[in-house]
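Colleague: Got a minute to go through this one with me? I'd like to start with a single residue and then work outwards.

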Amino acid sequence: MPFAAIGFDLLTALLDTWSLWSDVAGDRDLGMRWHGASQERLRGKTYRPFEDIVRDAAGDVGVSAERAQTLIRRWGDVTPWPDVPPVLAELDGHTRFIVTNCSRRLGTLAASKAGRFDLVITAEDAGAYKPDARPYRAALERLGLEPTRVLFVAGSAHDVGGAGRVGMPVYWANRGAVPPPSDAKALREAPDFRALLEVVRA
C-alpha cells in the first residue's frame, strides 16, 4: 500500500542549519560543537524554550551571548540542502508534514524556507523534544493516520529510533555519515534525499 503521508525532520534532513551555526560562531568546528551542545540539552526532554537552549549551549562551548542572539535573529537565513527542492517537487500531491525540535516561531519560519507542507509540529506544540514520542504522535493524531501508513524522513540517528518506536518506517538521510543507532534500523539509509523517491514509489 502506498504511504498516505511523508513526514520530515526539518533542521537536519531538509535544511542546512549546520552552516548557519558555523557562520555565526565564526568557525566550523566551534559551530558544530555549539549545535551538539544544544542537542545534548534538549534531546528527549520536556519542552523548555528553544531560544534559551541556544543561549545556554553557547555558554557551554564559549560562544558569546551576542552571537547566540545573532543566531536566533538570523534563523530565517537557513536554506535547503541542494538535493531537497527537486525531490520535494517530485512529491507534490503527497501529504507532507514536519516534526521539528524547535520553538513554534522559529520552526514555522524555518519550515517556510524548506517548501510547502501540510502540517508543522514543533517541540513547543508537542510539549517535548524528539525522540520523545509526543511530537511524532501529535503529528499522526492531527493527520488521523496509522503510523505504518506514514514514512518518516529522519535527519539524525535519534530520529531513526524515535519515529521507529511509534511505528513509522524510516528513511534516514544520514548527511553527517554518523554510526547507526544500536536500538533501531531505518528502512533505507542514504547520504541524502536522492534515494527517497525509490522508497516512496516502491
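Colleague: Aspartate 77 first. Is it buried or exposed, or partly exposed?

Modeller: Keep in mind that this is a predicted model. Aspartate 77 is partly exposed, because its relative accessible area is 44%, and the buried class ends at 20% while the exposed class starts over 50%.

Colleague: Where is the place of aspartate 77?

Modeller: In a loop. Helix H5 (65-73) comes before that loop and helix H6 (84-90) after it.

Colleague: And how many residues separate aspartate 77 and leucine 15 in sequence?

Modeller: The two are 62 residues apart in sequence. In space, their C-alpha atoms are 10 Å apart.

Colleague: Let's step back. How many helices and strands does the protein have?

Modeller: There are 11 helices and six strands.

Colleague: What about the radius of gyration?

Modeller: The protein has 16 Å. A compact globule with 202 residues would have a value near 17 Å, so the two agree.

Colleague: And the box that the C-alpha atoms fill?

Modeller: Roughly 50 × 30 × 30 Å, along the principal axes.

Colleague: What share of the residues is buried?

Modeller: Buried residues are 55% of the 202. The accessible surface is about 8900 Å², and carbon and sulfur atoms hold 50% of that.

Colleague: What share of the contacts comes from residues 24 or more positions apart?

Modeller: 59%, counting contacts with a separation of 6 or more.

Colleague: Charges next. How many positive and negative side chains are there?

Modeller: 26 positive and 26 negative. The centres of the two sets lie 1 Å apart.

Colleague: On to the interior. How many residues are in the largest nonpolar core?

Modeller: It has 55. Phe8, Leu14, Trp34, Trp75, Phe193 and Leu196 have the most contacts inside this core. Helix H4 (residues 50-61) gives the most to it, six residues. A separate core has 21 residues, including Ala133, Ala139, Ala154 and Val166.

Colleague: Why would nonpolar side chains be buried together?

Modeller: Because that is the tendency in soluble globular proteins.

Colleague: What is leucine 14 in contact with, leaving aside neighbours within four places?

Modeller: Among its contacts are Phe8, Pro80, Trp81, Val84, Leu88, Ile98 and Phe193. Asp9, Ala114 and Phe117 are in contact with leucine 14 too.

Colleague: Now helix H10. Which of its residues are buried?

Modeller: His158, Asp159, Val160, Gly161, Gly162 and Ala163, in a helix that spans residues 157-165. Their cover includes helix H3 (28-42), helix H9 (133-143), strand S4 (150-154) and strand S5 (170-173).

Colleague: What follows H10?

Modeller: Glycine 167 follows H10, and its phi is positive, near 105 degrees. Proline 169 is in the loop between H10 and S5. Not counting residues up to four places away, proline 169 touches Phe3, Pro147, Thr148, Val150, Leu151, Phe152 and Leu187. Its C-alpha is 9.0 Å from that of arginine 188, 19 residues apart in sequence.

Colleague: Any backbone oddities? Which residues does the cis peptide bond join?

Modeller: Lysine 130 and proline 131, with omega about 10 degrees. Proline 131 has its place in the loop between helix H8 (123-126) and H9.

Colleague: And what is phi of alanine 177?

Modeller: Near 50 degrees, which is positive in a residue other than glycine. Most residues other than glycine have a negative phi, and most peptide bonds are trans.

Colleague: Where is alanine 177, though?

Modeller: In the loop between S5 and strand S6 (188-190). Alanine 177 counts as exposed because its relative accessibility is 67%.

Colleague: Another alanine, then. Is alanine 5 buried or exposed?

Modeller: Buried, at 1% relative accessibility. Alanine 5 is in strand S1 (residues 5-8). Beyond residues up to four places away in sequence, alanine 5 touches Thr95, Phe97, Leu145, Arg149, Val150 and Leu151.

Colleague: Last one. Where is arginine 137 found?

Modeller: In helix H9. Arginine 137 counts as partly exposed, at 45% relative accessibility. The C-alpha atoms of arginine 137 and valine 99 are separated by 9.8 Å, and the two are 38 residues apart along the chain.

Key:
Residues numbered from 1 in each chain as written. Predicted model: local features only at pLDDT ≥ 70, side-chain atom pairs only at ≥ 80, totals over all residues. Heavy atoms only, no water. Helix = DSSP H or I, 4+ residues; strand = E, 2+ residues; numbered from the N terminus. Rg over C-alpha atoms; globule rule 2.2 N^0.38 Å. Buried < 20%, exposed > 50% of the residue type's maximum accessible area, 1.4 Å probe, protein only. Contact = heavy atoms within 4.5 Å. Areas by Shrake-Rupley, 256 points an atom, 1.4 Å probe, with all protein chains shown as cover. Lys, Arg positive; Asp, Glu negative; His and termini not counted. Charge placed at Lys NZ, Arg CZ, Asp CG, Glu CD. Core = buried A, V, L, I, M, F, W, Y, C linked by side-chain atoms within 4.5 Å.
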